[in-house]
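Here are some worked exercises to take at your own pace. Have a look at the chain first, then try each task before reading its solution.

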Amino acid sequence: MDQADSFQAQLVATEAVTNAMRHGATEDATPISVTCLWRDDGLTIVVGDRGRFRHRERSAPDATGGRGMSLIEKLTRRFDLETSENGTKLRMLIGGVV
């Protein structure tokens, strides 16, 4: 993984974990899970929490938050968001062969 891909992986992982901490908290304080898997197609990072994802309105231009999913979309080759009664999982693919 080159330096640019490494930086992007760190940035999107931090953003996803921050979102899970802010929006995925539950009363039972179930921990956030982070899994990283390196394969030929790149680095897959999966962040899971016990919260339910809700679509939000676009942020105002002067807002200091609300741009995380857009940032993740721009900096990953692919991302998938899965939400169910068991929580939310965000899978992100960075780097690898295009």
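## Exercises on the fold

Keep in mind throughout that this is a predicted model.

**Exercise 1. Work out how many helices and strands the chain has, and in which order the elements run.**

Step 1. Start by counting: the secondary structure comes to 2 helices and 4 strands.

Step 2. Now walk along the chain from the N terminus, and the elements run α-β-β-α-β-β.

Step 3. For the chain as a whole, buried residues make up 27% of the 98 residues. Among contacts between residues at least 6 apart in sequence, 58% join residues at least 24 apart.

**Exercise 2. Find the order of the strands in the sheet and name the edge strands.**

Step 1. Take the pairs one by one. Strand 1 and strand 2 are antiparallel and share 7 bridges, and a hairpin with 2 residues connects them.

Step 2. Strand 2 (residues 42-49) is also joined to strand 4 by 7 bridges, again antiparallel.

Step 3. Strand 3 (residues 78-84) runs antiparallel to strand 4, with 7 bridges between them. These two strands form a hairpin as well, with 2 residues between them.

Step 4. Put together, the 4 strands make an open sheet in the order 1-2-4-3, with antiparallel pairing. The edge strands are strand 1 (33-39) and strand 3, each of which pairs on one side only. From one strand to the next, the twist averages 10°.

As a reminder, strands of a sheet pair through backbone hydrogen bonds.

**Exercise 3. Trace a row of bridge partners across the sheet, starting from leucine 37.**

Step 1. The partner of leucine 37 is threonine 44 in strand 2.

Step 2. Threonine 44 in turn stands opposite leucine 93 in strand 4.

Step 3. Leucine 93 also has arginine 78 opposite, which completes the row.

Step 4. For another pairing, look at glycine 48, whose bridge partner in strand 4 is lysine 89.

**Exercise 4. Compare the end-to-end distance of helix 1 with the span expected from its number of residues.**

Step 1. Helix 1 has 21 residues, and at 1.5 Å a residue these should span 30 Å.

Step 2. The C-alpha atoms at its ends are 30 Å apart, so the distance agrees with the expected span.

Step 3. While you are at the start of helix 1, find aspartate 2: one of its side-chain oxygens comes to within 3.2 Å of the backbone nitrogen of alanine 4.

**Exercise 5. Decide which side of helix 1 is buried and which is exposed, and find what covers the buried residues.**

Step 1. List the buried residues of helix 1: Asp5, Ala9, Val12, Ala13, Ala16 and Ala20.

Step 2. Their arc around the axis is only 105°, so they lie on the same side of helix 1.

Step 3. A rule helps here: an α-helix has 3.6 residues a turn, so residues three or four places apart point the same way.

Step 4. Turn to the other side of helix 1, where Gln3, Phe7, Gln10, Met21 and Arg22 are exposed.

Step 5. The cover over the buried residues includes strand 2, helix 2 (68-75) and strand 4. Helix 1 (residues 3-23) lies across strand 1, strand 2 and strand 4, at about 170° to strand 4.

Step 6. Finish with the strands: 8 of the 8 residues of strand 2 are buried, and in strand 4 (residues 87-94) 6 of 8 are buried.

Technical notes:
Residues numbered from 1 in each chain as written. Predicted model: local features only at pLDDT ≥ 70, side-chain atom pairs only at ≥ 80, totals over all residues. Heavy atoms only, no water. Buried < 20%, exposed > 50% of the residue type's maximum accessible area, 1.4 Å probe, protein only. Pairing = 2+ DSSP bridges. Axes fitted to C-alpha atoms, helices over the stretch in contact; angles between N-to-C directions. Contact = heavy atoms within 4.5 Å. Expected span 1.5 Å × (residues − 1). Arc of directions from axis to C-beta. Polar contact = N/O pair within 3.5 Å; in protein donor to acceptor, adjacent residues only side chain to side chain.
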